[in-house]
Amino acid sequence: MKVLMVNGSSKPNGCTATALQEIAKVLREEGIDSEIVCLGGGPLCDCIGCLGCTKLDGQCAFNDDCINEILEKAKTCDGFIFGTPVYYAHPSGRVLSALDRMFYAGKKYFMHKPGAAIASARRAGTTASIDALNKYFTISGMPVASSQYWNSIHGRAAGEAEQDGEGLQTMRVLARNMTFL
């Protein structure tokens, strides 16, 4: 079994990464393999609805970033966790662009597999961000993994997120629930 986690932050070692790493520890303890892929800080094209992916059997027509690499990994994964930092009370534009392209081109790789969304923020906006990401799962026929509370962690920098005991606990429970699913 394998869970693919996508860090929708441009910061590979920020708060979102802290949360995903906490989840990865518990998955490992539960005997579940996982991989974290960071979308990084380079340019990322939006989906333009060109329908090129319909001719490419599960690949995006744009080959300018890691989207097709993630889709290739998604073929053999059993579950997914997508993480986002909160910008202006909403998910990062980067993660939304990536999800639009991934789910449009490769929806068949995600269907009937559990998904979870996590959000990191200094203070607020996490529930709206989680809700936005969860829509990709529900539209694609995916069971949604939850935790004991909203799947969020708080802090402005990774060191602050490491001090959010409740947020870290929420990530650990989410990992166990993902294992169950």
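This passage describes the fold, the nonpolar cores and selected residues of one protein model.

The model is predicted; local features need pLDDT of at least 70, side-chain atom pairs count only at pLDDT 80 or more, and totals for chains, interfaces and linings use all residues. Residues are numbered from 1 along each chain as its sequence is written, and side-chain values use heavy atoms, with hydrogens and water left out.

The protein contains 6 helices and 6 strands. Both are DSSP runs numbered from the N terminus: helices are H or I with at least four residues, strands are E with at least two. From the N terminus on, the order of elements is β-α-β-α-β-β-α-β-α-β-α-α. The C-alpha trace spans about 45 × 35 × 25 Å along its principal axes. The radius of gyration of the protein is 15 Å, which agrees with the value near 16 Å for a compact globule of 181 residues. This radius is taken over C-alpha atoms, and the globule rule is 2.2 Å times the number of residues to the power 0.38.

Contacts (heavy atoms within 4.5 Å) often link distant parts of the sequence. Among those between residues at least 6 apart in sequence, 73% join residues at least 24 apart. Of the 181 residues, 54% count as buried. Buried means under 20% relative accessible area, exposed means over 50%, and partly exposed lies in between, with a 1.4 Å probe and protein chains only.

The accessible surface comes to about 8500 Å². Carbon and sulfur atoms account for 52% of this surface. Areas come from the Shrake-Rupley method with a 1.4 Å probe; for residues, only the protein chains shown count as cover. The protein has 18 positive and 18 negative charges, and their mean positions are 2 Å apart. Lys and Arg count as positive, Asp and Glu as negative; His and the chain ends are not counted. Each charge is placed at NZ of Lys, CZ of Arg, CG of Asp or CD of Glu.

The largest nonpolar core has 33 residues. Such a core is a set of buried Ala, Val, Leu, Ile, Met, Phe, Trp, Tyr and Cys residues joined through side-chain atoms within 4.5 Å. Those with the most contacts inside the largest core are I70, F80, F82, L99, M102, F103 and F110. Two or more residues each come from strand 1 (2–7), helix 2 (67–74), strand 3 (79–87), helix 3 (93–110), strand 5 (115–121) and helix 4 (126–139). Helix 3 gives the most, with 9 residues. Residues up to four places away in sequence aside, F103 touches F82, F110, Y136, F137, S140 and M142. Apart from this core lies another, of 21 residues. Among its members are C15, A19, A24 and M171.

Y109 also lies in helix 3. Y109 counts as buried because its relative accessibility is 9%. With residues up to four places away in sequence not counted, Y109 touches D57, G58, L71, A74, K75 and F80. Y109 and G58 are 51 residues apart in sequence, yet their C-alpha atoms are 8.1 Å apart.

Two further pairs are described by C-alpha separation. E69 lies in helix 2 and is exposed, with a relative accessible area of 52%. The C-alpha atoms of E69 and Q59 are 10 residues apart along the chain and separated by 9.1 Å. C45 sits in the loop between strand 2 (33–38) and helix 2. C45 is partly exposed, at 30% relative accessible area. C45 and N63 are 18 residues apart along the chain, with 9.5 Å between their C-alpha atoms.

E29 belongs to helix 1 (residues 15–29). E29 is exposed, with a relative accessible area of 64%. Its C-alpha atom is separated from that of T138 by 28 Å, and the two residues are 109 apart along the chain.

Backbone phi values mark two loop residues. Most residues other than glycine have a negative phi. A89 has a positive phi, near 60 degrees. A89 lies in the loop between strand 3 and strand 4 (90–91) and is partly exposed, at 45% relative accessible area. H112 likewise has a positive phi, near 65 degrees. H112 is found in the loop between helix 3 and strand 5. With a relative accessible area of 62%, H112 is exposed.
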